[in-house]
Amino acid sequence: MALTSHLMVVFLGIAVPLLFFSRAEGGEVGVCYGRMATNLPDPATVVQLLKKNSITMVRIYDTNPTVLAALANTGIKVTVELTNEELPSAATDQNFADQWVQNNVKAYYPATQINGVTIGNEVFKEASQLNSQLVPAMKKVQAALARLGLADAVKVTTPVALDALKTSFPPSEGAFRDDIALSVMSPMVDFLQETGSYLMMNIYPYLAYLSTPGMSIDYLLFRPNAGILDRNSRQTYFSLLDAQLDAVYYAMEKLPSSSLRAGGMRKLTAGGGILEVKLGEIHHPTRGHHGVGTTANAQAFTDGLMRKVRGGNSGTTSNRYNRLATSAVGTPHRPNADLDVYIFELFNEDNKPEDEQDFGLFYPNQQPVYQVDFVHGGTGAGPVQPSYCTAKATAGDAALQAALDYACGHGADCSAIQPGKPCYEPNTKLAHASYAFNDYYQKNGRASSACDFGGAGSIVNQAPSGRCDPSPSWCVANAAVGAARLQNALDYACGHGADCTDIQPGARCFDPDTKVAHASFAFNDYYQRHNRAAGSCDFAGAGTIVRQAPKIGNCVLPSRA
């Protein structure tokens, strides 16, 4: 992974109805298992973590024998890497490629379900002196696999960073850089088509967001938004990732094929279908990166990505409002294309450069950075369940004081428990610690490790009695945006964690049966369940925050879920 911003020029589209396409079958979500850290669990323990979380694909950055042995007989699909350092030997020496495949693939297969070999990693960025050797190395490894009868089971590809494109927006103008388009990418795509393989891309959408002033964060995080129009194709994009994927598809189509005259348009087929793009790395940071790296943003991005890959809202409880405001797994240009992705990465790794250390799904102690459901996608099938962190009275005053000082000194907003402030009373260590612990816990995405405090904290699922809310707020619908936009946002909220059972026909909050009333209920439930996080009451302008408790019919909207 090399974090380099890739500029997008944005043409803002008008607010239009969301587009729906015929759904592809859905893809698969795996993880990148890097090991650049001093305190990671051993591979056997990591495999148990993968199995516990129903993770079915893993990408590793070498062919470590202990890791490959630990993955044996698990059914987990494994992509291994011939490193940039090994690439020159593979490109020039068939014997080397043969022996490498024998030692690092055949020796473990089929007990370890190796299904892919990546040749190098981001060669154009990290080792450009090897550009001319990349395709020859891919061909020699492919030949070695064929000699051993593994060419159908194990596919050869190479991870390409998005900055291999010279143009990425509008997507229809996507094109590879001049220095690699004809010399490397064209023969590479020929090879991928001929062997039934796929192009692997490493894409980090937040980089384009950071380099594009005025872009909506909702467009980045798969939330409802007005969309961005590609004026050439007349297609409107509602997610940054879709636009980047289509830029890659368009760029491949512009490459001349060896079977066509120069300048001819390529028919992107492999084995009779669309040549697939898989994402070898994708994720969002939980810290830093000019403030966009937060746990809440990372969870929103991951949830949206998981739903997209799975093909939509698989697993959401059916009700009147559960139609998603995001496209199915495909893209506007390739609406039926499945997408497999590897989330970067499994763990936070402390030996990486500082700007790459906070992408993990888990801490090295195996506690989740935030909750991800690899079975259903996102945070799970039903409404987001609220949880709270409270102080344990049994911890004693000294331990509570130390933990209280830590929480207040590491991000918790403790201003409300100062003398004379709304939550100062009751003036006890237990009450003040519970307030600070919970604020810290909520701000850190409700990660279980964020409520430990040396054993002084405890997670509960019912709002503690007497819990102080110093600044209550609610999210209600903005009637001025019109019924169509309210419907889209209402569908989104109910499909992304809000509990909308109370606005079903016959339920207690069904009346008044209006878009504004139902949307206000759903918006507020979503807003409260997401801890009133910034942006969680936007709904592309359809929601607004109020400070007075709203009453809709017989329903008083709560200020906390």
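1. A good place to start is helix α14, where the buried residues are L486, Q487, N488, A489, L490, D491, Y492, A493, C494 and G495. With 10 of its 13 residues buried, α14 is largely enclosed by the rest of the structure. The cover over these buried residues includes α11 (295-310), β18 (474-477) and α15 (515-529). Please keep in mind as you look around that this is a predicted model.

2. The length of α14 also checks out. Its 13 residues, 483-495, should span 18 Å at 1.5 Å a residue, and the C-alpha atoms at its ends are 18 Å apart, which agrees. After the helix comes G497, with a positive phi near 120°.

3. Before going further, a word on confidence. The average pLDDT of the protein chain is 84, and 86% of the residues score at least 70. Two stretches deserve caution: pLDDT stays under 50 over residues 3-24, and it also stays under 50 over residues 269-273. The model does have 74 contacts beyond four places in sequence for residues 3-24, and 8 such contacts for residues 269-273. Where pLDDT is low, the predicted coordinates should not be read in detail.

4. Now turn to helix α1, residues 43-52. Its buried residues are P43, V46, V47, L49 and L50. They lie on the same side of α1, because they cover an arc of only 155° around the axis. As general background, an α-helix has 3.6 residues a turn, so residues three or four places apart point the same way. The buried residues of α1 pack against β1 (29-32) and α2 (65-70).

5. Both ends of α1 are worth a look. At its start, a side-chain oxygen of D42 comes within 3.1 Å of the backbone nitrogen of A44. Just after the helix, S54 has a positive phi of about 55°.

6. F347 brings us back to α1 from another part of the chain. This residue sits in the loop between β15 and β16, and at 0% relative accessibility F347 counts as buried. Leaving aside neighbours within four places in sequence, F347 is in contact with Y33, L40, P41, V46, L49, G360, F362, Y363 and P364. Two of these partners, V46 and L49, are among the buried residues of α1. As for P364, it is 17 residues from F347 along the chain, yet their C-alpha atoms are separated by 6.1 Å.

7. T63 is another buried loop residue. Its loop runs between β2 (57-59) and α2, and T63 counts as buried at 13% relative accessibility. The side chains of T63 and N104 are joined by a polar contact of 2.9 Å. Apart from neighbours within four places in sequence, T63 also has contacts with L68, V80, E81 and W100.

8. For the interior as a whole, look at the nonpolar cores. The largest has 112 residues, of which I119, V141, M188 and L279 touch the most other members. Helix α10 (residues 240-254) gives this core its largest share, 10 residues. Beyond its neighbours within four places in sequence, L279 is in contact with M201, I203, L241, L245, L339, D340, V341 and Y342. There is also a second, separate core of 28 residues, including V481, A498, C509 and A517. In soluble globular proteins, nonpolar side chains tend to be buried together.

9. Some backbone details may catch your eye. Most residues other than glycine have a negative phi, and most peptide bonds are trans. Against that background, a cis peptide bond joins F169 and P170, with omega about 0°; P170 is in the loop between β7 (165-167) and β8 (175-176). The bond from E425 to P426 is cis too, its omega near 0°, and P426 lies in the loop between α12 (397-409) and α13 (429-443).

10. Finally, two loop residues other than glycine have a positive phi. R234 has a phi near 65° and is found in the loop between β10 (228-230) and β11 (235-237). Is R234 buried or exposed? At 55% relative accessibility, R234 counts as exposed. Q366 has a phi of about 75° and belongs to the loop between β15 (341-343) and β16 (388-391). With 28% relative accessibility, Q366 counts as partly exposed.

Key. Residues numbered from 1 in each chain as written. Predicted model: local features only at pLDDT ≥ 70, side-chain atom pairs only at ≥ 80, totals over all residues. Heavy atoms only, no water. Buried < 20%, exposed > 50% of the residue type's maximum accessible area, 1.4 Å probe, protein only. Helix = DSSP H or I, 4+ residues; strand = E, 2+ residues; numbered from the N terminus. Arc of directions from axis to C-beta. Contact = heavy atoms within 4.5 Å. Polar contact = N/O pair within 3.5 Å; in protein donor to acceptor, adjacent residues only side chain to side chain. Expected span 1.5 Å × (residues − 1). Core = buried A, V, L, I, M, F, W, Y, C linked by side-chain atoms within 4.5 Å. pLDDT = per-residue confidence, 0-100.
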